[in-house]
Amino acid sequence: MSTSFPETRKESFADGLTIRFDERANSGRPILILHGGGGPQTVAGIAAGLDKAHTLVPTHPGFEGEPRPEWFDSIDDLAFAYLDLLERLNLRDVLVIGSSVGGWIASAMALRDTTRRLRGLVLINGVGIQVEGHPVPDVSTLAPQELAALSFHNPAAFRIDPSTITPEQIATRKANTETLYVYDRQRLGGDPKLQRRLRYVTIPVLVAWGESDRVADLEYGRVYAQSFSNARFEPIPEAGHLPQIEQPEHLLTLVRHFAISIRATL
């Protein structure tokens, strides 16, 4: 069965936690797709492009107006919540794709996957580690045009006329950024312990990286990949921090080939 449009679902957990996610319940491999600070719309194209897979695209609690319990305030909380979601839905052999901060969450999930529900990771310009000489900037201090200049290979192609931005959109962006820094108190400074722990991740990992990223640069991505025991690094030309937007077909081809390769190793 293949569904063209996602169904929005909600699952409730203990202590007031609710996770909203868009699901395309196709018959293929289950794929969990985790967004970064730009919100779920930045990864919607990945789910749409993987039209034979069973895709889940959650909205992190606190983003896009979703409720967030006061206690729910760390990357670890997100990682455990999404592992609980996979258990609730009885999904195994799951490929987790994470963009930006979503890559950090995916890495944290792999380190905590005691029931072996995950089969592979795809990190797309992920953050979360600390690399000497390659700091990730605090994007909360940047105006939208400044962030675009760091995020895109061709910022002019994605320039938004400020006069077209509504007050509601401004408020949502501000709230999303505030939520991001609830989860990441170091403001993209990363977890000083994460890199040395990644060697314990034994499942296959694809680290795909927009070469023109000036949020987390190419060398940062290379070090990220080298930190895993079983990872492949794939630079993507003419793309920045969001290659799924600037070079969607290139990225989707990498993901499809990776998904086939890890199925073959079962």
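**Exercise 1.** How many helices and how many strands are there in the chain?

*Solution.* The model is a predicted one. Going along the chain, one counts nine helices and eight strands.

**Exercise 2.** Which radius of gyration would a compact globule with 266 residues have, and what does the chain have?

*Solution.* Step 1: for 266 residues, the value for a compact globule is near 18 Å. Step 2: the chain has 17 Å, which agrees with that value. Step 3: for the extent in each direction, take the principal axes, along which the C-alpha trace spans about 50 × 40 × 35 Å.

**Exercise 3.** Find how much of the chain is buried and describe its accessible surface.

*Solution.* Step 1: a residue counts as buried under 20% relative accessible area. Step 2: by this cut-off, 52% of the 266 residues are buried. Step 3: the accessible surface of the chain is about 12300 Å², and carbon and sulfur atoms account for 52% of that surface.

**Exercise 4.** Which residues have the most contacts inside the largest nonpolar core?

*Solution.* Step 1: recall that nonpolar side chains tend to be buried together in soluble globular proteins. Step 2: the largest nonpolar core here has 55 residues, and those with the most contacts inside it are Tyr82, Val96, Met109, Leu118, Leu121, Tyr220 and Tyr224. Step 3: helix 2, residues 75-88, gives the most to this core, with eight residues. Step 4: another core lies apart from it and has 23 residues, including Val57, Val122, Ala208 and Leu254.

**Exercise 5.** With which residues is Tyr82 in contact, leaving aside neighbours within four places in sequence?

*Solution.* The contacts of Tyr82 are Ile19, Leu32, Leu34, Pro58, Thr59, His60, Pro61, Ile105 and Met109, once those neighbours are left aside.

Notes
Residues are numbered from 1 along each chain as its sequence is written. This is a predicted model: local features need pLDDT of at least 70, side-chain atom pairs count only at pLDDT 80 or more; totals for chains, interfaces and linings use all residues. Side-chain values use heavy atoms; hydrogens and water are left out. A nonpolar core is a set of buried Ala, Val, Leu, Ile, Met, Phe, Trp, Tyr and Cys residues joined through side-chain atoms within 4.5 Å. Buried means under 20% relative accessible area, exposed over 50%, partly exposed in between (1.4 Å probe, protein chains only). Helices (H or I, at least four residues) and strands (E, at least two) are DSSP runs, numbered from the N terminus. Contact means heavy atoms within 4.5 Å. The radius of gyration is taken over C-alpha atoms; the globule rule is 2.2 Å times the number of residues to the power 0.38. Accessible areas come from the Shrake-Rupley method with a 1.4 Å probe; for residues, only the protein chains shown count as cover.
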